[in-house]
Each structure stands twice: as C-alpha cells, then as structure tokens.
Amino acid sequence: MLEVLNRITEGKGVMEDIALIEELAVGMANNSLCALGQLTPGPVLSALRYFREEFETHILEKRCPAGTCKDLVRAPCVNSCPAGVDVPSYLSLVSEGKYAQGLAIHRKRNPFALVCGRICPAFCEKRCRRGDLDEPIAIRQIKRFMADQEIKNPWTPPLLEANKGQKVAIIGSGPAGLTAALRLAQWGYQVTVFEALSVAGGMMAIGIPEYRLPRDILQAEIDNVRRAGVEIKLNSRLGRDFTIDELMDRQGFSSVVMAIGAHNSRSLRIPGEERDGVWGGTDFLRRVALGDKPDLTGKRVAVVGGGNTAIDAARTALRLGAASVNLVYRRTREEMPAEALEIHEAEEEGIKMTFLANPSRVIGVDKVEGLELVMQDLGEFDDSSRRRPMPIAGSEYVLPVDIILPAIGQSTDVTCADSCGITFNRNTTIKVDRKLCTTRPGVFAAGDAVLGPATVIEAVAQGNQSAMMVDEFLQKGEEASKESWLD
Ligand SMILES: Cc1cc2nc3c(=O)[nH]c(=O)nc-3n(C[C@H](O)[C@H](O)[C@H](O)COP(=O)(O)OP(=O)(O)OC[C@H]3O[C@@H](n4cnc5c(N)ncnc54)[C@H](O)[C@@H]3O)c2cc1C
Ligand code: SF4
C-alpha cells in the first residue's frame, strides 16, 4: 500500500490506484488477526472517504493542493497560484531586466498579467517562503511592473498548431471564456465568443470598478485575445438570441464552453425589499460601468455584506456623491471576506462600518426611508468555519437611509437553462465532472458558473483547463492533452 501511496505523491499514480488502495485497506482491516493490522488501514480509508478529490487531483492534475508532496511542488508560490504561474522564473527574468521574456512565461498560464498585476488577491504571496523571514516578496506588484513595461508592445499570441478546421463556441467573455478562447485559437480552432452585454470582459469590465482596474488596461488584454483570431460577438445572449442546439446542429460548432459567470445579486429576503431604492450590488456596479451613473448626491446609502463586492459598491456610491455610506455586516471585521487592504482604504475614504448587525425589514411607504437592523451575537462555528451570527431579541433599530445595496453574494442566471440542455446544481452552479464536462456531451463549463463567485485567476485556471478538455474531446483517439505545452 505504501508503494501505491508513494507513487501518487510522486505524481506517478493512475486512477485505478484509488480502488487498489481501498481494496488493500479493506482486506487488511477485515482479515488481520491483530489489532494493529485491523486498525492501521482506518486513517487511509478515512482519507479516501473525506479527501478523495485530493487523491484525484494528485493523479489527474499532478498537483498537491496542500503543497506538501515535494515531487509535485516546485515552489509554494507556483503551487498556490490557481493557474500555476511560474513565479520564480518571471521574477528572476525581471531582476535581469528581461521583461518581455518574463511576460512570455507568465502568459503561458495567465494571459491577464496587466489585470492580475492590479487586482489579483495574490494567493502566491500568502505562501511565499520569504514571509517566514520578514515579508513575502511583492509578487503582484512586480507582475504589474513587468506587464506595464511591455504595454507599448501589443502582443500577438503565437499560433501553436495548424488550422484544425473545427469551430468552438464560448459563451461569455469574462476571464474564463477569454482564456479558453485564446488557448483554443492558439491550438488551431476557429473560436467565436458570444457575449450578452455590449462590452467584453465580464466582471473585469462591469464588476470591478474602474478606479481599481482602468478600462484601457483591460482593453489591451482583450485585444490580445482578438489578435489571436478570436471573434467576439457582443449583444448575443444565449437563451434570447440563440440556443446551443442552433450552435451545434446548424452553425457547425463542434464544442461549446459555458463561461457565463455568476451575475445575479442574491436578495436579502426581507419584507419591503421590492421598494424603489433597493438595488442589487452587482446590478448597481454593472449599471455604473455601462455608463448609467445614478446621481447619489446627498443620499444616505447602506451597503449590506462583507465581501469585495460590498466594498466596491460602497466606494463607488461614495464616488457618485453619496452623503454617507454605511456598510452593514452581520459578523465582525475579523470575519469579513473582503481583502484587508480594501477594507482599510474604504474606511480611509470615510465609509462607516456597522458590525454584528443584520437587516430585518426595509422601512418606507413607496420608496426606501430606512433599514431596520437586528444586532447579532456570534454563536457556534458553521460550515464556513466562521462563528454563526445569532439575532439578539429586542435589539432592532432603524438606520435612516435612502438607498440600499445588498451585496451578499451572486448566483448564476439559470434562465438560459431551457436552451442549453445542461444541468444546473441547486445552488445555480453548472453541474460538471472533473474534466469540466457538463451533462451534455461536447459542452464544457468554466469559471464562476462552476465555482460560484471566485476570482479572476481561478477563472483563468478553469479557462485553461476547459480548453484542454475541449481539445481532448475533439481529438479523442489521439489522447491529446496540452498539459505539457502549458509547462
Ligand atoms: C464587484 C466585484 C469585484 C471583484 N473584484 C475582484 C478582484 O479584485 N480580484 C479578483 O481576482 N476577482 C474579483 N472579482 C471576481 C472576478 O471578477 C470573477 O471571479 C471573474 O470575473 C469570473 O470570471 P468568469 O469568466 O467566470 O465570469 P464573468 O467575468 O462573470 O463573465 C461571464 C460573462 O458571461 C456573460 N453572460 C452571462 N450570461 C450569458 C448568456 N446567457 N449569453 C451570453 N453571455 C452571457 C456575462 O455578461 C459576462 O460577460 C470581483 C467580482 C465582483 C462582482
Ligand atoms: S496570478 Fe495572482 S496568484 Fe498567480 S502568480 Fe500572479 S499574483 Fe500570484
């Protein structure tokens, strides 16, 4: 059994090894005559029961998410970047002033260096070994510097394989869709991206505010994808303007990648929420990004939520002239999912934070006049490993406000479900297997639509993976996999 386990930790395992370990462990437990033999397989069986996905990741992706199997972990920063960007190589090239070469290495895994240099949460820095001594290396800032040096040299992505004569459709032009499109175009497919909105970029264009991600910066990287030969059709919504049947049966697309993100703001589910003046956080940010900026001069705004979307909505409201912005969160500052720097900057700008409070009712006759809040106490730990907020009876009070922006999460718009022939999970994410294959053959999915609201670099990682899976699907029989190319 040790031999098989070692094989997996060295990245040499095969899927059959999982069944083999199980068989050996059960056999040992049932047939041993001493307690040692009966009990030792227990931890292995528990690991298989609760962490099967980790075994599969070691075998299928040759990756150790925990960063402990030394044969699979070159450097903790590379391992913790969802797309596996080769951080040490590009940092070293930057130190020699070789920015173009550094960027070329970066783009093999992540074509959005300009974007991620500005807004990536930098998972890599959290595992940087230098942090054990003093501070992590400023990997994201160095990435930004490197990418900025090359901004005057527009990138035309190299075509890596001959024209395959097959068409692939990508639904959604966020980082997942654009990354998948770029890879497939580089591998010789004719790729069309269908985008519902009038702008490309997904949440990078209509979620993340411009003061954090300037639009000319984003546009430069979208143009790179276009230069690879990808056609982006704007104002083309799946379910309204076309169906997957039409794409595959009549328009000759051999495969489809669904990268439709998670754009619906979750509602507060409290009385009065339908009143004029309650706007979903992402709806508000989208409206502003598309140029329809509401005048909030003199308005008192409450934002509900503790994540980055809540902070972005609050800071955007302030920039639109709001007299006051109060961010209401049901836990404490320590539990806020938003980046610490974002919280700090929001406070510096004058946003007030109300912790341990949860909305219970919207007050007002026709329009919003206030938000009733109930004070909370923190109870036992819940599934998210954070302490569960518990309402304190009789603690209700009213916060006088004119506008309420709920930013407590997003879900995927499933109204296109009937026109897709794919299955959605109860939480609205798209049902996929480990190969990102949906329940409909030839249709794959990637990004927030699979993961739920995540990050740009996680969407990029799934864009890479879905492209590999499409390629494998279309070239099946050749056992084609682009894993080696990405390295
Ligand atoms: C306010 C906010 C701030 C954020 N800040 C950060 C940050 O600082 N750092 C970070 O890394 N991440 C951040 N994120 C998260 C990040 O933007 C997303 O995780 C990422 O964009 C998801 O990429 P995606 O390609 O899966 O989906 P999206 O970027 O959401 O793109 C999906 C695209 O599909 C289109 N679409 C949807 N339905 C259809 C249809 N039926 N037909 C055709 N097209 C359709 C949409 O219009 C959209 O363009 C933020 C998100 C928000 C909302
Ligand atoms: S994309 Fe983000 S996580 Fe990956 S190397 Fe760059 S900053 Fe780090």
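In which strand is the place of Glu372? In this predicted model, Glu372 lies in strand S10, which covers residues 370-381. The relative accessibility of Glu372 is 12%. Glu372 therefore counts as buried, since the cut-off for that class is under 20%. Several contacts of Glu372 come from beyond its neighbours within four places in sequence. One set consists of Asn358, Pro359, Ser360, Arg361 and Ile363. The others are Glu396, Tyr397 and Val398. Val398 is 26 residues from Glu372 along the chain, yet their C-alpha atoms are separated by 4.3 Å.

The overall architecture was examined next. The protein chain contains 20 helices and 15 strands. Its C-alpha trace spans about 70 × 65 × 50 Å along the principal axes. The radius of gyration is 24 Å. A compact globule of 487 residues would have a value near 23 Å, so the chain agrees with that expectation. Buried residues account for 51% of the 487 residues. Contacts were also sorted by sequence separation. Of those with a separation of 6 or more, 65% link residues 24 or more positions apart.

The surface and the charges give a further view of the chain. The accessible surface comes to about 23,000 Å². Carbon and sulfur atoms contribute 50% of that surface. The protein chain carries 58 positive and 65 negative charges. The mean positions of these two sets are 2 Å apart.

Aromatic rings were then considered. A search of the whole structure finds five aromatic pairs. One of them joins Tyr99 and Phe145, with ring centres 5.4 Å apart. The planes of these two rings stand at 85 degrees, so the pair is edge-to-face; the cut-off for that class is over 60 degrees. Tyr99 belongs to helix H7 (residues 99-109), and Phe145 belongs to helix H10 (residues 139-149). The pair therefore ties together parts that are 46 residues apart in sequence. Both partners are partly exposed. Tyr99 has a relative accessible area of 22%, and Phe145 has one of 40%.

Another aromatic pair is formed by Phe194 and Phe242. Here the geometry is tilted. The ring centres are 4.8 Å apart, with 45 degrees between the planes. Phe194 sits in strand S2 (residues 190-194). Phe242 sits in the loop between strand S3 (231-233) and helix H14 (244-250). The pair thus ties together parts that are 48 residues apart in sequence. Phe194 is buried at 4% relative accessibility. Phe242 is also buried, with a relative accessible area of 6%. Phe253 joins Phe194 and Phe242 in one aromatic cluster.

Helix H7, which holds Tyr99, is also the place of Lys108. Lys108 counts as partly exposed, at 38% relative accessibility. Ala83 lies 25 residues from Lys108 in sequence. Their C-alpha atoms are 9.7 Å apart in space.

Arg127 lies in the loop between helix H9 (123-126) and helix H10. Arg127 is partly exposed, with a relative accessible area of 39%. Leaving aside neighbours within four places in sequence, Arg127 is in contact with Ala66, Gly67, Pro76 and Ser80. Thr439 lies 312 residues from Arg127 along the chain. The C-alpha atoms of Arg127 and Thr439 are separated by 36 Å.

Backbone angles were examined at two loop residues. Arg269 has a phi near 55 degrees, a positive value in a residue other than glycine. Arg269 is placed in the loop between strand S5 (264-265) and helix H15 (281-289). Arg269 has a relative accessible area of 76%. Arg269 is therefore classed as exposed, for which the cut-off is over 50%. Thr428 also has a positive phi, near 80 degrees, and is likewise a residue other than glycine. Thr428 is found in the loop between strand S14 (410-411) and strand S15 (443-445). Thr428 is buried, with a relative accessible area of 16%.

Definitions and conventions: Residues are numbered from 1 along each chain as its sequence is written. Chains are lettered from A and ligands numbered from 1 in the order in which they are written. This is a predicted model: local features need pLDDT of at least 70, side-chain atom pairs count only at pLDDT 80 or more; totals for chains, interfaces and linings use all residues. Side-chain values use heavy atoms; hydrogens and water are left out. Helices (H or I, at least four residues) and strands (E, at least two) are DSSP runs, numbered from the N terminus. The radius of gyration is taken over C-alpha atoms; the globule rule is 2.2 Å times the number of residues to the power 0.38. Buried means under 20% relative accessible area, exposed over 50%, partly exposed in between (1.4 Å probe, protein chains only). Contact means heavy atoms within 4.5 Å. Accessible areas come from the Shrake-Rupley method with a 1.4 Å probe; for residues, only the protein chains shown count as cover. Lys and Arg count as positive and Asp and Glu as negative; His and the chain ends are not counted. The place of a charge is taken as NZ of Lys, CZ of Arg, CG of Asp or CD of Glu. Rings of Phe, Tyr and Trp (its six-membered ring) pair if their centres lie within 6.5 Å; planes under 30 degrees apart count as stacked, over 60 as edge-to-face and the rest as tilted.
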